[in-house]
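Biologist: Hi! Could you walk me through this structure before I set anything up with it?

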Amino acid sequence: MPELERDAGRLTFKLVYYGPAQGGKTTNLMQLHDLVGAEMKGELMTLETQHDRTLFFDLLPLGFRAPSGLMIRFRLFTVPGQVAHDGTRKAVLSRADGVVFVADSQRTEATNNGESFQNLAENLGRVGLDLERLPIVVQFNKRDLPSILSEEEVRERYEGAPWPLMFASAINGSGVVPTFRLLLQGVWRQFASEFELDTAHGLDEATFLKAALGEAQ
């Protein structure tokens with residue numbers, strides 16, 4: 001559930017990038033930091049160790065001010081992909097308002113992708129979130145590498161799934177912003193009515209997306 005601080009005039013959305021180890025979650029956030037021109041953009045904070053670049057999480061804060069004066073903030077997190085850090089994954093996932101699942105397009109990673117998505121589903125249940133209602137985008141990353149699943153194969157495997165599919169090469173920025181845009185679209189559609197984003201704050205879907213991405217109005 002987004003955090004509304006009425007006294008501060010601030011609404012904060014928590015968005016989480018989830019997926020298998022070394023799938024490109026951190027790279028997505030790094031590219032977003034460079035590519036998104038949001039009105040308010042903090043520094044990307046990354047916790048690194050010798051053996052695991054995202055032992056805890058990365059955090060990228062973005063935001064803008066609505067026509068009503070309400071401050072809209074997005075706090076973007078990644079989770080560690082390693083199984084040993086499942087407790088941390090649950091902690092970061094808690095109270096998420098939207099998720100990008102970053103899958104690895106390489107054929108050799110199909111099993112890891114499946115296990116990681118199953119872990120996402122299980123952990124959502126453990127932290128009290130509904131897989132069917134939460135805005136989710138599935139991104140197949142690393143399209144620049146050889147020996148990857150074709151788009152047709154991916155679509156066939158996910159046929160019937162309710163989540164939008166995106167294809168990306170985060171290392172060069174391809175597909176990163178469109179993936180984020182789809183997530184923001186899902187977030188607006190999920191929460192706009194509850195928080196009166198359009199009626200009270202002047203944020204219809206198009207305005208919300210343009211402001212969040214720092215695009216010209």
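Modeller: Happy to; we can take the overall picture, then a helix, some charge pairs and a few backbone angles.

Biologist: Great. What kind of model is it, and how are residues numbered?

Modeller: It is a predicted model, where local features need pLDDT of at least 70 and side-chain atom pairs count only at pLDDT 80 or more, while totals for chains, interfaces and linings use all residues. Numbering runs from 1 along each chain as its sequence is written, and side-chain values use heavy atoms, with hydrogens and water left out.

Biologist: How many helices and strands does the protein have?

Modeller: Six helices and nine strands. Those are DSSP runs numbered from the N terminus: helices are H or I with at least four residues, strands are E with at least two. The radius of gyration is 17 Å, close to the 17 Å from the globule rule for 217 residues, so the protein is as compact as a globular protein of that length. That radius is taken over C-alpha atoms, and the rule is 2.2 Å times the number of residues to the power 0.38. The C-alpha trace spans about 50 × 35 × 30 Å along its principal axes.

Biologist: And what share of the residues is buried?

Modeller: Buried residues make up 50% of the 217. Buried means under 20% relative accessible area, exposed means over 50%, and partly exposed is in between, with a 1.4 Å probe and protein chains only. The protein exposes about 10,200 Å², and carbon and sulfur atoms supply 49% of that; the areas come from the Shrake-Rupley method with a 1.4 Å probe, and for residues only the protein chains shown count as cover.

Biologist: What about contacts along the sequence?

Modeller: Taking contacts between residues at least 6 apart in sequence, 69% join residues at least 24 apart. A contact here is heavy atoms within 4.5 Å.

Biologist: Let's zoom in. Why call helix α1 largely enclosed?

Modeller: Because eight of the eleven residues of α1 are buried, the rest of the structure largely encloses this helix. The buried set is Lys25, Thr26, Thr27, Asn28, Leu29, Gln31, Leu32 and His33.

Biologist: What does Asn28 touch?

Modeller: Asn28 sits in α1, which covers residues 25–35, and it counts as buried because its relative accessibility is 0%. Beyond its neighbours within four places in sequence, Asn28 contacts Tyr17, Val102, Gln139, Ala170 and Val176.

Biologist: Switching to charges: how many salt bridges are there?

Modeller: Seven in the whole structure. The criterion is a side-chain nitrogen of Lys or Arg within 4 Å of a carboxyl oxygen of Asp or Glu.

Biologist: Which would you show me to start?

Modeller: Lys142 and Asp104, with 3.0 Å from N to O. They link distant parts of the chain, 38 residues apart: Lys142 is in the loop between β8 (136–141) and α4 (151–157), and Asp104 is in strand β7 (residues 98–104).

Biologist: Is that pair buried or exposed?

Modeller: Both Lys142 and Asp104 are buried.

Biologist: Any pairs inside a helix?

Modeller: Yes, Glu122 and Arg126 form a salt bridge at 4.0 Å, N to O. They are four residues apart in helix α3 (residues 110–126), so about one helical turn separates them. Glu122 is partly exposed at 35% relative accessibility, whereas Arg126 is exposed at 54%. In helix α4, Arg155 and Glu151 also form a salt bridge, at 3.8 Å from N to O, again four residues and about one helical turn apart. Arg155 is partly exposed at 44%, and Glu151 is partly exposed at 34%.

Biologist: New topic: which backbone angles should I look at?

Modeller: As background, most residues other than glycine have a negative phi. Ser147 has a positive phi of about 55 degrees although it is not a glycine. Ser147 is in the loop between β8 and α4 and is exposed, at 57% relative accessibility. Glu196 also has a positive phi, near 50 degrees; its place is the loop between α5 (176–191) and α6, and at 44% it is partly exposed.

Biologist: And what follows α6?

Modeller: Gly214, whose phi is positive, near 70 degrees. In α6 itself, residues 205–213, the buried ones include Phe208, Leu209 and Leu213.
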